[in-house]
Amino acid sequence: MIFDTHAHYDDEAFDEDREELLASLREHGIEAVVNVGASIAGTKRTLELTRRWPFFYGAVGVHPNETAELDEEKLEWLKQVSAEPKVVAIGEIGLDYYWDDPERDVQKKWFDRQLELAREVGLPVVIHSRDAAKDTLDMMKAAKAGEIGGVIHCFSYGVEMAREYLNMGFFIGIGGVLTFKNARKLKEVAAYAPIERIVLETDCPYLAPVPYRGKRNSSLNLPYVVEELAQIKGLTPEEIVEITNRNARRLYRLGDQ
Ligand SMILES: [Zn+2]
């Protein structure tokens with residue numbers, strides 16, 4: 001069954017039908033979901049989801065564009081909740097120069113501190129990096145992130161960057177963008193990266209695959225990504241589902257189902 005390694009079901013886009021939708025996932029072939037915190041409030045909601053749904057796990061952390069809210073006290077709180085049994089990662093953390101807010105020094109400071117936190121508590125990291133390839137890589141190398149481990153979520157760079165992160169032992173997160181007509185670069189990365197190092201993700205409610213591009217995304221759309229990846233890799237969809245599920249369990253250090 002499919003493992004969705006990156007979702008935001010706490011988003012208000014799901015307020016109307018969250019219970020119904022989440023109750024239906026397992027019967028549609030979704031085995032597990034990691035809900036990813038993007039702010040302190042989002043992390044709180046993520047923890048609630050992991051308590052409510054047996055097949056949900058959580059990542060706790062603050063997205064680069066939300067780091068203006070961070071202080072020592074909140075960082076300490078993140079450390080505390082990272083000890084909850086269903087918390088499997090620190091994330092999403094990183095750098096985002098597309099939105100470029102707050103200023104880069106603030107983003108960098110809290111990226112570094114959250115990398116440090118992950119090392120301290122012994123959890124992998126979920127990295128968000130947009131239009132910030134060089135700084136992200138430099139900071140991760142300086143922090144010896146290879147020893148921490150994790151995933152570059154919604155991978156948006158080229159083969160050269162993919163090589164760097166693969167060498168560091170990281171996984172590459174791939175979602176709906178793979179099905180877009182203009183996704184040449186990501187298709188190249190998907191062809192280049194060993195299948196053992198690719199994990200599936202939705203980033204829902206964002207980034208729905210074709211034929212639902214622009215609509216609200218959910219884990220139910222992952223078969224479209226599986227189909228595309230199967231073609232690129234010359235494998236069957238069943239093989240893609242099985243291998244990426246195993247990868248996700250390795251990434252988040254969960255036992256086999
Ligand atoms: Zn995300």
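# Close-up views of a predicted model

**View 1. Strands S4 and S5 sit side by side.** S4 and S5 pair in the parallel sense, with 6 bridges between them. This is a predicted model, so keep that in mind for every view here. To find your place in this pairing, look for glycine 94, which stands opposite histidine 128 in S5. Strand S5 covers residues 125-130, and 5 of its 6 residues are buried, which leaves the strand mostly covered.

**View 2. Zoom out to the whole sheet.** The sheet is an open one, built from 8 strands in the order S1-S2-S3-S4-S5-S6-S7-S8, and the pairing is parallel. S1 and S8 are the edge strands, each pairing on one side only. On average, neighbouring strands of this sheet are turned by 30 degrees against each other, direction ignored.

**View 3. Strand S3 and its partners on either hand.** Take S2 (residues 30-36) to begin with: 4 bridges join this strand to S3, and the two run parallel. One pair to pick out here is asparagine 35 with its bridge partner in S3, glycine 58. Now S4: strand S3 (residues 56-60) is joined to strand S4 (residues 87-96) by 3 bridges, again with the strands running parallel. Here valine 60 has isoleucine 90 as its bridge partner in S4.

How many of the residues of S3 are buried? The count is 5 of the 5, so S3 is largely enclosed by the rest of the structure. Phe56, Gly58 and Val60 point one way from the strand, Tyr57 and Ala59 point the other way, and all are buried. That fits the general rule that side chains in a regular strand alternate between the two faces of the sheet.

**View 4. The zinc ion and its four ligands.** Which residues coordinate the zinc ion? They are His6 and His8, each through NE2, Glu92 through OE and Asp203 through OD, at 2.1 to 2.3 Å. Along the chain, these donors follow the spacing H-x1-H-x83-E-x110-D. Histidine 8 is in the loop between strand S1 (2-7) and helix H1 (18-25), while aspartate 203 is in the loop between strand S8 (198-200) and helix H8 (222-233), so this pair ties together parts that are 195 residues apart in sequence.

As for the geometry, the site of the zinc ion is irregular, with angles of 87 to 172 degrees among its 4 donor atoms. Why not tetrahedral? Four donors only get that label if all angles lie between 85 and 135 degrees, and the range here runs up to 172 degrees. For comparison, the ideal angle for four tetrahedral donors is 109.5 degrees.

**View 5. Two of the zinc ligands and the residues around them.** Start with histidine 8, which is buried at a relative accessible area of 7%. Leaving out residues up to four places away in sequence, histidine 8 touches Phe14, Asn35, Val36, Ala38, Glu92, Asp203, Cys204 and Pro205. Two of those names, Glu92 and Asp203, also turn up among the residues that coordinate the zinc ion.

Aspartate 203 is buried too, with a relative accessible area of 9%. With the same sort of close sequence neighbours set aside, aspartate 203 touches His6, His8 and His153. If you want a longer-range landmark, try tryptophan 99: its C-alpha atom is 17 Å from that of aspartate 203, and the two residues are 104 apart along the chain.

**View 6. Glutamine 114, tucked into helix H4.** Glutamine 114 lies in helix H4, which covers residues 104-121. Is this glutamine buried or exposed? Glutamine 114 is buried, with a relative accessible area of 1%. Not counting neighbours within four places in sequence, glutamine 114 is in contact with Gly61, Val62, Thr67, Leu70, Leu75, Leu78, Ile90 and Ile93. Ile90 in that list is the S4 bridge partner of valine 60.

**View 7. The buried face of helix H7.** In helix H7 (residues 184-192), the buried residues are Leu186, Val189 and Ala190. Seen down the axis of H7, these residues fall within an arc of 100 degrees, so they line one face of the helix. Their cover includes helix H6 (159-167), strand S7 (171-174), S8 and H8.

**View 8. Arginine 246 on helix H9.** Arginine 246 is found in helix H9 (residues 237-251). This arginine counts as partly exposed, at 42% relative accessibility. Look across to arginine 197: the two are 49 residues apart in sequence, with 9.9 Å between them in space, C-alpha to C-alpha.

Notes:
Residues are numbered from 1 along each chain as its sequence is written. This is a predicted model: local features need pLDDT of at least 70, side-chain atom pairs count only at pLDDT 80 or more; totals for chains, interfaces and linings use all residues. Side-chain values use heavy atoms; hydrogens and water are left out. Donors are N, O and S atoms within 2.8 Å of the metal (3.2 Å for Na, K and Ca); water is not among the atoms, so sites may look incomplete. Four donors count as tetrahedral if all angles lie between 85 and 135 degrees; four count as square planar and six as octahedral if opposite donors are over 155 degrees apart and all others between 65 and 115; anything else is irregular. Buried means under 20% relative accessible area, exposed over 50%, partly exposed in between (1.4 Å probe, protein chains only). The arc is that of the directions from the helix axis to the C-beta atoms. Contact means heavy atoms within 4.5 Å. Two strands pair if DSSP finds at least two bridges between them. Axes are lines fitted to C-alpha atoms, for helices over the stretch in contact, and angles run from 0 to 180 degrees between N-to-C directions.
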